[in-house]
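Biologist: Hi, have you got a moment to walk me through this one? I'd like to go through it piece by piece.

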Amino acid sequence: MKTRLLAATAVAALAQAGAASAQSNELTLCWAAWDPANALVELSKDFETQSGIKMNFEFVPWPNFADRMLNELNSGGQLCDLLIGDSQWIGGGAENGHYLKLNEFFDANGISMDDFAPATVYAYSTWPKGTPNYYALPAMGDANGWFYRKDWFARPEIQADFKAKYGRDLAEPKTQQELLEIAQFFQGREIDGQKVYGASIFTERGSEGITMGATSSLYAFGFKYENTPGKYDMEGAVNSADAVAGLEFYKELYKTATPPGYDNAYMEQSLDAFKSGQVAMAMNWFAFFPGLYADPNTGGDKIDFFVNPGQKVQASTLGGQGISVVNYSDNIDGALQYIKWFAQPDVQKKWWSMGGYSCHKAVLDDPGFAASAPFAGDFLQAMAGVQDFWQEPAYASLLLAMQERLHNYVVADQGTAQEALDGLIKDWTEVFEDEGKL
């Protein structure tokens, strides 16, 4: 009996060793399920060939991405060796020990953050913000931008009608006010026998949609989270006269220039409205622009792109992510090997060519970059003026409060913009007091 037990123990030990060996030769990368993720699967085949490490991928649809991945991190789960997490998660990832600090690794392997666009380093990599403490490598630059039916804009009869009404040529808007006027001009117009609408925008309440949409107007009008960065002094910033004007503007855009029943829309609904020929313009993340341009029905010479228009400020809502090594991984060495590979300029150039948005200066500063895609120049302009939501460890509570306040005002017609923003300061003050930051 004892001999049998020893033999069984030896077999079990060998099995465990084999499993550990197999695991050390594999990595799982976690991200959202969207076009850039599919491009990364193809790109990563080069890493598999060079390293001998098998890549696995866990992609979660955007509406469930934050809940799924933050629950994974908070539970210390070992699903993800590498995580391409939203910019807003960087504070929690750093302070809660979810992400490996990468400074020593970068130094030892000649990876310099000076080689990446400053806005992406600040937003995707640093905590505390702006300090040389790095918890991610900039992986996917992104911002909220716009696209429109270029073929509709070019029609002589539409051009003539627009000029008669507004006294200027119909063209890409340069201000938020021009954007509104164009959207209202197309609202309810008949084109090719079909009633069309002005614009598809973000109104979704459940995750982050209306916040990401409304801030495109709020930032442009002058909204700020704090008067003094890092001081949490929100009074007079969050609820300034400019911020109120920006929120009132977004509500007018929603009420007067969007398709009917468009009260809970985010990325997919915006794309569907445009591809189905319902709207003249749409907002969405630059990440989707390669696929939009390639669409056989509304892409090609029928579509064009523009950066989020300014009003008092030229600004765009930041999207995008950095890639981090998860501290709970049992293959940290392999994960770091992937980071080193991904940071190479040649890999970054291929990443851009396949539909990813590189943050590396070797790509962005190339003289031919702006002409490399119809939206490349707009992307450069957008990334030069991006602003982001709170990146605090308590970001989820802060986001829920903004989602509720904005949706209640913009979509549900509750109260005034001033009341919504005053209430938001109250909500956020409670969160920061609980965090010991006020």
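**A chat about the model**

Modeller: Happy to! Let me begin with one residue: Glu-392 counts as buried, because its relative accessibility is 9% and the cut-off for buried is under 20%. Keep in mind that this is a predicted model.

Biologist: Okay, which side chain does Glu-392 meet in a salt bridge?

Modeller: That would be Lys-437, with an N to O distance of 2.5 Å. The two belong to distant parts of the chain, 45 residues apart. Lys-437 sits in the segment after helix H19 (417–434), while Glu-392 is in the loop between strand S13 (386–387) and helix H18 (395–410).

Biologist: And Lys-437, what is its relative accessible area?

Modeller: Lys-437 has 26%, so it is partly exposed.

Biologist: You mentioned H18 and H19. Which residues link helix H19 and helix H18?

Modeller: Asp-427 in helix H19 and Arg-405 in helix H18, which are 22 residues apart. They form a salt bridge whose closest N and O atoms are 2.7 Å apart. Asp-427 is buried, with a relative accessible area of 18%, whereas Arg-405 counts as partly exposed at 29%.

Biologist: Nice. How many salt bridges does a search of the whole structure find?

Modeller: The search gives 14. One of the others is a pair between Asp-151 and Arg-149, at 2.8 Å from N to O. There is also a network of salt bridges that links Lys-251, Lys-255 and Asp-413.

Biologist: Is Arg-149 buried or exposed?

Modeller: Buried, as its relative accessibility is 8%.

Biologist: Let's change topic. What does the domain assignment give for the chain?

Modeller: Domain 1 covers 24–142 + 320–387, and domain 2 covers 144–317 + 394–434. Their C-alpha centres lie 27 Å apart. In the contact, domain 1 takes part with 23 residues and domain 2 with 25 residues.

Biologist: How much area do domain 1 and domain 2 bury between them?

Modeller: About 2000 Å², and carbon and sulfur atoms account for 63% of it. On the domain 1 side, Asp-142, Phe-375 and Gln-387 supply 31% of the area buried against domain 2, more than any other three residues.

Biologist: We talked about salt bridges a minute ago. How many does the rule find across the interface of domain 1 and domain 2?

Modeller: Zero across that interface.

Biologist: Good to know. On to the sheets, then. What is the order of the five strands in the open sheet?

Modeller: The order runs S2-S1-S3-S12-S4, and the pairing is mixed. Strand S2 (54–60) and strand S4 (137–140) are the edge strands, each pairing on one side only. On average, neighbouring strands of this sheet are turned by 30 degrees against each other, direction ignored.

Biologist: Which helices pack on the sheet?

Modeller: Among them are helix H2 (residues 35–51), touching S1, S2, S3 and S4, and helix H3 (residues 62–74), touching S1, S2, S3 and S12. The direction of H2 makes about 170 degrees with that of S2, and for H3 the angle with S2 is about 120 degrees.

Biologist: S3 turns up in both lists. How many residues of strand S3 are buried?

Modeller: Five of the five residues of strand S3 (residues 82–86) are buried, so S3 is largely enclosed by the rest of the structure.

Biologist: And how does S3 pair with S1 and S12?

Modeller: S3 runs parallel to strand S1 (residues 26–32), and two bridges join them. With strand S12 (residues 321–325), S3 pairs in the antiparallel sense over five bridges. Leu-83 is a handy residue to click on: Leu-83 in S3 is the bridge partner of Cys-30, and Leu-83 also stands opposite Ser-324 in S12.

Biologist: Great. What order does the open sheet of four strands have?

Modeller: S8-S9-S5-S10, again with mixed pairing. At the edges are strand S8 (197–200) and strand S10 (303–306), which each pair on one side only. From one strand to the next, the twist averages 20 degrees.

Biologist: Last one: in what sense do S5 and S10 pair?

Modeller: Antiparallel, with four bridges between strand S5 (residues 144–149) and S10. To see it in the viewer, look for Phe-147, which stands opposite Phe-305 in S10.

Note on methods: Residues numbered from 1 in each chain as written. Predicted model: local features only at pLDDT ≥ 70, side-chain atom pairs only at ≥ 80, totals over all residues. Heavy atoms only, no water. Pairing = 2+ DSSP bridges. Axes fitted to C-alpha atoms, helices over the stretch in contact; angles between N-to-C directions. Buried < 20%, exposed > 50% of the residue type's maximum accessible area, 1.4 Å probe, protein only. Domains from an automatic or database assignment. Contact = heavy atoms within 4.5 Å. Buried area = accessible area lost by both parts, 1.4 Å probe. Salt bridge = Lys/Arg side-chain N within 4 Å of Asp/Glu carboxyl O.
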